[in-house]
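Hello,

Here is the structure I promised to pass on, with some notes on what turned up in it. Have a look first, then read on below.

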Amino acid sequence: MTTAPDAFRIREAVAYFDASTDLEEAIDELLSSGFDRAEISLLATEKTVEEQLGHQYHKVAELEDDPAVPRAIYIPKESIGDAQGALIATPLYIAAATAIGAIVASGGSLLAVIVGAAVAGGAGGALGAGLAKLVGDRHAENLQNQLEHGGLLLWVRTWDSGDEQRAVDILTKHSGHDVHVHGAPQS
């Protein structure tokens, strides 16, 4: 596998970060400075990287210029929170609605409907809370694994020298390490 600069078909600014807050601030500024979310990518999970590359890596710096490294899209913390909320609310609603339907169909009283909805909704909410915790834990585990390997790796697709300079300036401003641009010149 070649990792020479001419192996790249696109140009990208790259950096790694010591803290998720610095990474998120850099991404927020990139997005507010005209970069599209689709132009920003992060390192995939450790398991995915090792499976695709066929070996373990020790430091994220080893991966920053390797075009074969699997990547992940950036998902803002807010979206993870939205997903967690949906994972809690959906089973709660379904369980409560099912209980209400069953109790009403059997001719149960209003008190039975209220109690049944509360009990079933609580059970559904507990199930959803467990799923939401799993989503949050997986995200946190992925960040922690990358930090243990030296940092959170970020790539930004650039289209011209103006994009390159803006991306490098933003990544540097937000404490990015080894900030540079790689890739072959555009033809």
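Of the contacts (heavy atoms within 4.5 Å) with a separation of 6 or more in the chain, 80% join residues 24 or more positions apart. Please keep in mind that this is a predicted model, where local features need pLDDT of at least 70 and side-chain atom pairs count only at pLDDT 80 or more, while totals for chains, interfaces and linings use all residues. Residues are numbered from 1 along each chain as its sequence is written, and side-chain values use heavy atoms, with hydrogens and water left out.

The chain has five helices and five strands, taken as DSSP runs numbered from the N terminus (helices H or I, at least four residues; strands E, at least two). Their order along the sequence is β-α-β-α-β-α-α-β-α-β.

Of the 187 residues, 39% are buried, meaning under 20% relative accessible area with a 1.4 Å probe, protein chains only.

Now to the interior. The largest nonpolar core (buried Ala, Val, Leu, Ile, Met, Phe, Trp, Tyr and Cys residues joined through side-chain atoms within 4.5 Å) holds 18 residues, and F17, L23, I27, L30, L154, V156 and L171 have the most contacts inside it. Two or more residues each come from β1 (11-17), α1 (20-32), β2 (40-43), β4 (152-158) and α5 (161-173); α1 gives the most, with four. Beyond its neighbours within four places in sequence, L30 touches F35, I40, L154, V156, A167, I170 and L171. Another core, of twelve residues, lies apart from this one and includes Y16, Y57, V60 and L63.

Best wishes

Note on methods: Buried means under 20% relative accessible area, exposed over 50%, partly exposed in between (1.4 Å probe, protein chains only).
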